[in-house]
Amino acid sequence: MQDAAGNRPSGPSEPAKPSKPSKPSKTSGKTAKGAAPENGTTKEGAVSETTDIKSPGSSETSEPPKPPKGALSRRRLLGTAGATGLVLGAAGSAAGYEAAADDRPTPLTSVGADMAMFHGKHQPGITNALQARGHLVAFDLAAGAGRTEAAALLRRWSATAQRLMAGEPAAQDDTSVARDAGPSSLTVTFGFGHSFFTRTGLEKQRPVSLDPLPDFSSDHLDKNRSNGDLWVQIGADDALVAFHALRAIQRDAGSAARVRWQMNGFNRTPGATAHPMTARNLMGQLDGTRNPKPTESDFDERVFVPSSVTKDPAWMANGSYAVVRRIRMLLDEWEKLSPHTQENVIGRRKANGAALSGGTETTAMDLDKTDAQGNLVVPINAHARISRPDQNGGAALLRRPFSFHDGFDDDGVPDAGLLFVCWQADPLRGFVTIQRKLDRGDALSQYIRHEASGLFAVPGGAAEGEYVGQRLLEA
């Protein structure tokens, strides 16, 4: 779990659903909120302090248009009894309904109206702000399915993703699950696993960077929940919108592919805090402080495959490599530690994310500062120290994870932690370099366990009229 942070835009204080969603205006390749984070995003899992990601977005939105008169306002209906929000009896509810009968419905909030663009230089879901709900799903092609079936599947998936991200229903047999919601920052991202190229006869187009990840001492991997031919990442700021997209993608798979594994996660909801701030992970630490920022001159170089001639095949231009790890947090053990000990494990203050060497969350960490007894203020094995880019030859990752809680195991231990997703132009130089360093002496390693893993090649964004992966599948 790295030292990660993420600015999340502050949403409206009183969201409500309209009877008729307003059509959001399209923006050029970015969400209405903003494309990438000022600080990083939620981080946590197992990688560098600079590896956390969280795209920030602006919390301010323009006044939504006023809907026509004559419709019942849910906000007024629920609020007629007073600002306390206490539950009313039957008589009070009836009076409230009558008083609000000619009021106007509340339009889409900024959370529901925010829209990410499907077409663009890069696929959505990489530099967008962290979303409140996420689904990670891997598929294997069905027996007998090959390149032709894969191309048809990606064509269907791309068409569905484009419609749903615009707040429109699926083209066929829409389930109406998200009928009342806007786009809600929905993003759908597609990637290819190592085995995909063998199944489709495209071995010569398989990138060298997609070679399997090495084993790490902290790994306790479940092979049934790792890897896969195809990978889909779905994120949205509304749980029903995310689920709607998940079901549409699964239905579109038809007989061409079957689900290999699925993982569901969450983050803080936009507007849950009084002002935009770095998110906290399930250990209570601010997570994402040193995530790479799109404003940095070498951001694209670290995160995306260049379009110029490189060791990667041409179809990967403007794409990225996603490392996906299910990282279990041993919360019962972690929560036995005193706050002081927890801070020494991470190397940062729990309250505000500041380095133990002093200052604020964004103050540079002083690695050489000592206390009165001559001990390093930031312990030599602190997670934030070990994962720093300057301690790993400049290696950095763009982290964009989701937390998860899947109940309890047979011993009553919470099955919770981080669905760690990180992005880089070269996984060997990025994730592998940092994880090897963490594997050798990170104080955090005794409180986490890597239980599933995957590496996927995520091609660049589809241009208008294209589907994702077309340059590979129709080369």
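Biologist: Which residues do ring pairs link into a cluster?

Modeller: This is a predicted model, where local features need pLDDT (the predictor's confidence in each residue, from 0 to 100) of at least 70, side-chain atom pairs count only at pLDDT 80 or more, and totals for chains, interfaces and linings use all residues. Residues are numbered from 1 along each chain as its sequence is written, and side-chain values use heavy atoms, with hydrogens and water left out. Rings of Phe, Tyr and Trp (its six-membered ring) pair if their centres lie within 6.5 Å; planes under 30 degrees apart count as stacked, over 60 as edge-to-face and the rest as tilted. The cluster that ring pairs build is made of Phe192, Phe196, Phe197 and Trp315.

Biologist: How many residues apart are Phe192 and Trp315?

Modeller: The structure holds 13 aromatic pairs. In one of them, Phe192 and Trp315 meet edge-to-face, 6.0 Å centre to centre and with 70° between the planes. Helices (H or I, at least four residues) and strands (E, at least two) are DSSP runs numbered from the N terminus. Phe192 belongs to strand E2 (residues 187–192) and Trp315 to the loop between helix H7 (299–303) and strand E5 (320–329), so this pair links distant parts of the chain, with a separation of 123 residues.

Biologist: What is the relative accessible area of Trp315, and is it buried or exposed?

Modeller: Buried means under 20% relative accessible area, exposed over 50%, and partly exposed in between (1.4 Å probe, protein chains only). Phe192 has a value of 1% and is buried. Trp315 has a value of 5%, so Trp315 is buried.

Biologist: Where does Phe431 lie?

Modeller: Phe431 pairs with Phe420; the ring centres are 6.2 Å apart and the planes are at 45°, so the pair is tilted. Phe420 is buried at 0%, and Phe431 is also buried at 0%. The pair ties together parts that are eleven residues apart in sequence: Phe420 is in strand E8 (residues 414–424), and Phe431 is in helix H11 (residues 428–439).

Biologist: Why is strand E1 largely enclosed by the rest of the structure?

Modeller: Two strands pair if DSSP finds at least two bridges between them. Strand E1 runs antiparallel to E3, with seven bridges joining them, and it pairs with strand E4 (residues 257–266) in the antiparallel sense over nine bridges. His135 has Ile234 in E3 as its bridge partner, while Leu141 stands opposite Ala257 in E4. Strand E1 (residues 133–141) counts as largely enclosed because, of its nine residues, the number buried is eight.

Biologist: Which helix gives the largest share of the largest nonpolar core?

Modeller: A nonpolar core is a set of buried Ala, Val, Leu, Ile, Met, Phe, Trp, Tyr and Cys residues joined through side-chain atoms within 4.5 Å. The largest one has 75 residues, and Trp157 and Phe190 have the most contacts inside it. Its largest share, eight residues, comes from helix H4.

Biologist: Which residues does Trp157 touch, leaving out those up to four places away in sequence?

Modeller: Contact means heavy atoms within 4.5 Å. With those neighbours left out, Trp157 touches Phe139, Phe190, Leu230, Val232, Ile249, Asp252 and Ala253.

Biologist: How many residues are in the second, separate core?

Modeller: Among its members are Leu136, Ala138, Phe299 and Phe404. The size of this core is 20 residues.

Biologist: Asn318 has a positive phi; what is its relative accessible area?

Modeller: Asn227, in the loop between helix H5 (194–199) and E3, has a positive phi of about 60° although it is not a glycine. Asn227 is partly exposed, at 42%. Asn318 lies in the loop between H7 and E5, and its phi is near 70°. Asn318 is buried, with a relative accessible area of 17%.

Biologist: Over which residues is the pLDDT below 50?

Modeller: The protein averages a pLDDT of 83, and 77% of the residues score at least 70. Confidence is highest in strand E3 (residues 230–236), at a mean of 99, and lowest in helix H1 (residues 74–79), at 34. Where pLDDT is low, the predicted coordinates should not be read in detail. The stretch below 50, which has 329 contacts in the model beyond near neighbours in sequence, covers residues 4–102.
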